[in-house]
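Here's a quick tour of the fold, written for someone who likes the cut-offs spelled out. Have the viewer open as you read.

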Amino acid sequence: MPATSDDGLIENRTFDEIRIGDQACLEKRLTMEDIKLFAIMSGDVNPAHVDDDFARSTRFQEVIAHGMWGGALISTVLGTQLPGPGTIYMGQTLSFHAPVNLGDVLKVSVRVTAKDEARKQLDLECRGENQKGKVVIEGQAHVLAPTEKIRRPRTAMPEVRLAERGRLHEILSAADHPEPITMAVVHPVDRESLLGAVAAAEHGLIVPLLVGPAGKIQAAADAAEVDLRDIEVIDTPHSHAAAEKAVALVREGRAASLMKGALHTDELMREVFKRESGLRTERCISHVMAFDVPTYPRPLFITDAAINIYPTLAHKRDIVQNVIELAQALGNADPKVAILSAVETINPKITSTLDAAALCKMAERGQITGGTLDGPLAFDNAVSESAAEAKHIVSPVAGKADILVAPDLEAANMLMKQLTYLADATGAGIVLGARVPIVLTSRADEAITRMASCALALLLADHQQRQGAAPQQER
């Protein structure tokens, strides 16, 4: 019987209703918000749980959940499902066999193993498994079961919002179902890029092909204590050859995506942009950041902060179409697109306002499809409904934008960094418009950011395959 019925009530199972062998379970994906809330509640600020820099130096190489976070989930099952409300904890033993990492989905279950008729007490086997089926926690619980039926409205708890990466984990959750994508990881000869690829593989997002000097890759693996026995390494003499080989793997059909490792972005993109041997299509190639902004109620896509310096109107058309398709791949069937400028009115002296107006007209005529466009819009009235109302702007996009299209790379880059450093935003980046999605990473990126970028590539590739929407190869 579920803990909560369709009418929002929570109901227990009395001692007499329970039989030996009865089971209940729940699943929860671990987020950084879970870790910090548990640390706030318990006072346990062990740096292995809350300090990224320290955690990278440990054997687990990233922050992990408090052991009793899993214990708390077991308590949740006992108190809300089996037996449910009215249960009194009498005792608990737990053994911890493996860590729970960020992004892991922990399934906790309890099973009744014994009943004491005289005392109305139950013994229950407790177990926690990650998404791979590996047992990470197990033990026994001893509870006093309720003898009277309880059925009450579930208490509505206040929503708690920390300045953390909740929406990056939503991206990971969305990527739980498609099959992993084969990704050529270019020149992963440092600890960060190698761990990012391995973590994404462990979470079922990618099947990595490590392309670069085999000796340097193995040295990085040894330093990071990573086992590469089940990962294919394709040896090349240096980073330039790695970029060339990775692009060739895509053209041969062996790889369905690229990830930048420890080489400069220009070195990788130079091979991508080559007319005869690269990955260009009829579309303009562009970059998108999918941001989690703690003060904004929805994921926010910003484009283009990395590829097109001063895009033309034709380029902007492709940039908009690229980002719309990415938003759709994440489940937003009709994303709201704000074309940004300094003002929200058309001014012939400000080229970006003219481009915005033209893009909106192109959308009306079917030259851009899949989203709702409006512009020009200043930043404030693109993201704030009150600002839009104050300026008497009537628009389906104003104040509710899902996508911000900047007038040029300078504006997009400054906006992206302002959100990162002043609003505690975090984002996952991807390059679109090439024959395959390309993950651009930074040495400063955390494991969760790298995994979310891989999840974007997986979701986009899966969406394009299902919709037949991949950009056509350039003729």
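## A right-handed unit

Strand 9, helix 7 (residues 214-224) and strand 10 form a β-α-β unit that is right-handed, meaning that, with the strands pointing away from you, the path from the first strand over the helix to the second runs clockwise. Helices (H or I, at least four residues) and strands (E, at least two) are DSSP runs, numbered from the N terminus.

Before going on, some housekeeping: this is a predicted model, where local features need pLDDT of at least 70, side-chain atom pairs count only at pLDDT 80 or more, and totals for chains, interfaces and linings use all residues. Residues are numbered from 1 along each chain as its sequence is written, and side-chain values use heavy atoms, with hydrogens and water left out.

## Around strand 9

Strand 9 and strand 10 (residues 232-235) run parallel and are joined by four bridges; pairing takes at least two DSSP bridges between two strands. Here Val 211 sits opposite Ile 234 of strand 10.

Strand 9 also pairs in the parallel sense with strand 8 (residues 181-186), over six bridges, and Ala 184 faces Leu 209 of strand 9. To get from strand 8 to strand 9, the chain passes through helix 6 (residues 191-202), in another β-α-β crossover that is right-handed. How covered is strand 9 (residues 206-212)? Mostly: six of its seven residues are buried, that is, under 20% relative accessible area with a 1.4 Å probe, protein chains only.

## The antiparallel sheet

There's also an open sheet of five strands, in the order 2-4-5-6-3, with antiparallel pairing. Strand 2 (23-29) and strand 3 (88-96) are its edges, each pairing on one side only. On average, neighbouring strands are turned by 20° against each other, direction ignored, using axes fitted to C-alpha atoms and angles from 0 to 180 degrees between N-to-C directions.

Within this sheet, strand 5 (residues 121-129) and strand 6 (residues 135-144) pair over nine bridges, with Leu 124 across from Ala 141 of strand 6.

## Nonpolar cores

The largest nonpolar core (buried Ala, Val, Leu, Ile, Met, Phe, Trp, Tyr and Cys residues joined through side-chain atoms within 4.5 Å) has 54 residues, and Val 320 and Leu 373 touch the most other members. Helix 15 (residues 447-467) is its top contributor, with ten residues.

Neighbours within four places in sequence aside, Leu 373 is in contact (heavy atoms within 4.5 Å) with residues including Val 320, Ile 324, Leu 359 and Val 397. Another core, of 32 residues, lies apart from the largest one and includes Ala 24, Ala 98, Leu 106 and Ile 137.

Definitions and conventions. Buried means under 20% relative accessible area, exposed over 50%, partly exposed in between (1.4 Å probe, protein chains only).
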